[in-house]
Structures are given as C-alpha cells and as structure tokens.
Amino acid sequence: MIKFSVLLPHALKVFLENVDFRELHELYPLINQIASKFKGDASQLLATILPSILQHSYLLMEMGDPEEDKIMRRDFFNFLNGLCNNSLLEIFMTPENQNDLPRVIQHLESGARGNDPVAAKVILF
C-alpha cells in the first residue's frame, strides 16, 4: 500500500488556513479523490484535516452570496456523500471530531428539507 507523504497533511493544513470560496470549491473534489483512491488508508489524513474543512465550510456557507452558498452546500454534501460511499465515516468518531457530528447532522437535515432539489438529492441518495 502506498503511504501518504508527511508533506500532504501539512500542505493541506497550510492551504486551509486562509481558504476562500473558490479554493475550497476546488479542494473538495481533490479530497474526494483521495478518499476514493486510498479509502481506509486516507482516514487518518482526513480525520486530521476534517475540523478545518468543516470550520471553513460553515463560515463560507453562512457568509457567501446566495449563489456561492448554494454551491458550497452542494459541495459540502457531496463531500459527506463521498465519505459515506468510501466507508470513511469513522473520521467523525475520533475524539477531535465527535463534537462536530451534531452540526453536520443539522446541516444534512436542513439540506434535505431545503428548497434546493439538487442538494436534497445528494443527501438522500
């Protein structure tokens, strides 16, 4: 098995320090590719960067203009869907990430009940 470089977690952490909408929008597919390619081997990396991803996602979902907000929510739900599809939900069970789970569930519920059918479809399927 290929081991993750020690540089990748550090590079992602530095990148996430001052991430904006477009950067996070472009980062989500990369993270999903890492999850898809490496599955369980990626869990430690993803668990490490998850708090930062969630923090910036929440901020950008609340501060962006309505169109950016809709795109960020869809990206966020696709990210969570990718974690589910790759059996990586264990990253939410680490002591550092357990406290984020209720807020993630709250976002999932509001997205499923919201007025964006694309977001609701991602959540429900």
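K39 sits somewhere between hidden and open in this predicted model: with a relative accessibility of 38%, K39 counts as partly exposed, because that value falls between the 20% and 50% cut-offs. As for its place in the chain, K39 belongs to the loop that links α2 (21-38) with α3 (43-63). The backbone here is a bit of an oddity, since K39 is not a glycine and yet has a positive phi, about 45°.

S87 makes a natural companion to that case. Here too a residue that is not a glycine has a positive phi, this time of about 55°. S87 is found in a loop as well, the one between α4 (66-85) and α5 (101-113). Its relative accessibility comes to 57%, so S87 counts as exposed, the cut-off for that label being anything over 50%.

Turning from the loops to the interior, nonpolar side chains tend to be buried together in soluble globular proteins. The largest nonpolar core of this model has 33 residues, and the members that touch the most others are L46 and F76. Several helices chip in: at least two core residues come from each of α1 (7-17), α2, α3, α4 and α6 (117-124). The largest share is that of α3, which supplies ten residues.

A closer look at L46 shows who some of those partners are. Leaving aside residues up to four places away in sequence, L46 touches I31 and A35, and also L83, L88 and I91.

Technical notes: Residues are numbered from 1 along each chain as its sequence is written. This is a predicted model: local features need pLDDT of at least 70, side-chain atom pairs count only at pLDDT 80 or more; totals for chains, interfaces and linings use all residues. Side-chain values use heavy atoms; hydrogens and water are left out. Helices (H or I, at least four residues) and strands (E, at least two) are DSSP runs, numbered from the N terminus. Buried means under 20% relative accessible area, exposed over 50%, partly exposed in between (1.4 Å probe, protein chains only). A nonpolar core is a set of buried Ala, Val, Leu, Ile, Met, Phe, Trp, Tyr and Cys residues joined through side-chain atoms within 4.5 Å. Contact means heavy atoms within 4.5 Å.
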